[in-house]
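Please look through the sequence and the three-dimensional structure shown here before reading on. The paragraphs that follow will lead you from one residue to its surroundings, and then to other parts of the chain.

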Amino acid sequence: MPTLGEGDSLKRSGLLSISLLVKKKGNLMRDRLLLSCLMAIVSALVCSGSYAETPSVESSSTEASVPNVLFIAMDDLNDWIGCLGGHPQTITPNLDRLAASGILFNNAHCPAPACNPCRSAIFTGRSPHRSGMYDNRQAMREIMPTEVLIPQHFRNNGYRASGSGKMLHYFIEAASWDEYYPAAETENPLPDSADPKVRPASLPRGGPWQYVDTDWAALDMTDEEFGGDWLTAKYVSEQLNQKHDKPFFLACGLYRPHEPWFVPKKYFEPFPLESIQLPPGYKPNDLDDVPAVGASAARNRYFAHIQEQGQWKQGIQGYLASIHFADAMLGRVLDALEASPNADNTIVVLWSDHGWQLGEKEHWQKYTPWRAVTRVPLMVRVPAGISTALPSGTAAGTVCDAPVNLLSLYPTLIDLCGLPKKSGNDGPSILPLLSDPANQDWTHSSVTYLSKPGSYSVSNRTHQYIHYYDGSEELYDLESDPFEWTNLASLPSSEAILEAFRRDAPKDFHERVEPSVDSLVKLPWFPSQGKNPPVSVPDGNKFPIFFTNKRAAAVELCLVEASGQVSMKATVDAGSRETQRSRPGEVWLIRDAVTHLPLGHFVVDDRTAEAIIPAAVAK
C-alpha cells in the first residue's frame, strides 16, 4: 500500500526566493505595486530560462491532433453534490451531467485541507511533506522559487495558457500565463462581486478571532449584477468559443462556495429555511473518542458561535445556495464548450481544493483530517481519439472508487497530452484508472497533510487512518461507518490494519518553512489625529506581530490595556523591526520615543501580521 508522494527526492533550488504576498482579497490591493515589481522579476527569470524546465517549442502536431485542456477548480466544495450524495437537498445538475459524461472519482482527496498548500501542491506537483508548504500563511514562491507550474509547462510545449478566477491562493503568477482575467499584472484573480451594503449581513462577528467573511445573505440582484463567478464564466466561455492557433490550457476558477456565502436570492429560494436538513454526518458528542489533538482542532469556536446565534440552518442554507450558484456558473461554461468548435478536442478536469464541515465533529470550516474535508469532487472527461495515451477516451458514466489524490493531476495531464515528463512530481499519474476505473492493480493510498509536520490522514479503499504529530491515532471503517463516527484505533482487533498503515505511511517530513515578514498580511495603520485609541478587547491565542518602523526616528510600542491603561512594551529604532506576541483585538499605540506624543495605532486581527509604522505620519 504505497502512499502518494513517496519515492521522489526533494530537489531544492539555491536561487533567491521570490516572495509573493499571499493574502486575502482585501489586503492584495494595498501591495499591488510591490507585487507588480516582484512579478516583473519572475517574468525576467522565465524569459531568461532560469525558471523554465524545458525550452519553449511549437507543437509539431496539427491543432486537431493535440488535445486542449479545460481545468476547472471549485473552492471549498465538499461532497454535497448530487452524484456524491453528500446532502439530500443539494441542487447540482451541471456537476452531475459532467460526472455522467466522464469518470467520477468518488474516493478523491486533497493534498492538504487548506487552499494555499493544496493549490500549490497541485500546480507544482510537489507534496506538502516534500516542499514544507503546509498552511495558508506561507508564500509559495518563497518555498518553491523555481518549480514550473502546470500552465508554464504547457506553454513550454506549444500551448497557450489562459485563465480566470482563483486557481492559486489569491495571486495569479502572471509569468506563468499568456493571458488572465482580471489582468494578470494586478495579481488579483477575483473579478469584482457585489456585497451587502451592511456587514455583517447575517452572522454577528463573535470577535476579532472570526474571519470577517464567515457570513451569508441572499442578494436582490441578477447574476450579471452580482459579478464574481459570473464574470469568470463569461471570460472562460468567450475563450472556448474562439478558434485558436495553438492548443490551449484554459483554467476556470469558480470561487463559490468559498465564503462569504453571498449569492443572488434565486439560489436561496429552493432551500426554504424551515425545510433545511442538518448535515447527514452530524452526530452529537462525536469527539468523545477522538484524541485531544484532533478534538482541539475541531473546536475552533465557529460552530459554537453559530449555534449560539441560532444561525446553523441559515449557514447550511447559505452553503447550499452558494453551491447551487457555482453549479449554474459551471453550466454556462459547459454549455459554451458544447457549442464551441473545441467541444470534441478538449479534456475537461474538475476538482475542488478541499471540503468543508458544517457541524460534523463540532467543527465549522476546513483544516481537519476527516473525510468531510479531505474528500473532494474529481471528474475527468477525455473525448475519444484525441489522446494517444487514452485513444478510446473515458467511458461516460463511470465511477471509480480507488483512492486518488489531486497531487496526481499534473502528471496525469502530462500523460494525456503527450508532454515531456516534469521531474519532481510526487504523485502517480491516474492514467491507469482512466483506462480501467476498476483496476485492482492500483495499490496507492491517498495522503492529506495537516498543518503540522507529522500529522496526516491516509485513505484507502476501505479505511481512513489519521496520525497526529504526537503519535495519537484514529481509524475508521468506511464501509460500515462512512461518517467516521466510531474510532477503532484503540481496539485490539484493529492492530493488524493499523500496522499496515503505519508501515506504509510517510516517514520523512520537510520542516515547516516560516513565511517572510514581507509576505505577511499588513495591519491597517490608524493615524492618531488628536483622538485617543480604542481600548483592547483581547480574544484568542497569542501569535507574533512584527512592527516595522519606517520613520527616521525611534518609536515606542505601547499596549492599550482593556482598562484603558497604556503600557510601554518596547522601543523600535528608526528602520528597525520589533516582534511582540499579541492576541486578536489588542490595540497597539505608537508614540514618538522622544516627545512621547501619539502617532497612531494598530488593531490586531485574526492572524500573524506585519504592522508598518509609516515614514510620514499624518497630523
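Leucine 240 is a good place to begin: setting aside residues up to four places away in sequence, leucine 240 touches Leu70, Phe248, Leu250, Val333, Ala336, Leu337, Ser340, Pro341 and Asn342, where contact means heavy atoms within 4.5 Å. The model is predicted, and for that reason local features need a pLDDT of at least 70 and side-chain atom pairs count only at pLDDT 80 or more, while totals for chains, interfaces and linings use all residues. Residues are numbered from 1 along each chain as its sequence is written, and side-chain values use heavy atoms, with hydrogens and water left out.

Leu240 also belongs to the largest nonpolar core, which has 61 residues and in which Leu70, Leu240 and Trp364 touch the most other members. A nonpolar core is a set of buried Ala, Val, Leu, Ile, Met, Phe, Trp, Tyr and Cys residues joined through side-chain atoms within 4.5 Å, and buried means under 20% relative accessible area, with exposed over 50% and partly exposed in between (1.4 Å probe, protein chains only). Helix α12 gives the most to this core, with 14 residues, and a second, separate core of 56 residues includes Phe123, Val349, Leu390 and Leu406.

Helix α12 runs over residues 312–338; helices (H or I, at least four residues) and strands (E, at least two) are DSSP runs, numbered from the N terminus. Of the 27 residues in α12, 21 are buried. One residue in this helix is methionine 329, which is buried, with a relative accessible area of 1%. Its C-alpha atom is separated by 6.0 Å from that of alanine 233, although the two residues are 96 residues apart along the chain. Leaving aside neighbours within four places in sequence, methionine 329 is in contact with Asp223, Asp229, Trp230, Ala233, Leu254 and Tyr267.

Serine 164 lies in strand β4, residues 160–165, and serine 164 is buried as well, with a relative accessible area of 0%. Not counting residues up to four places away in sequence, serine 164 touches several residues, including Tyr180, Pro191, Thr232 and Cys252.

Finally, strand β22 (residues 555–560) and strand β23 (residues 566–572) pair in the antiparallel sense over six bridges, where two strands pair if DSSP finds at least two bridges between them. Leucine 557 has alanine 570, in β23, as its bridge partner.

Methods: The expected span of a helix is 1.5 Å times one less than its number of residues.
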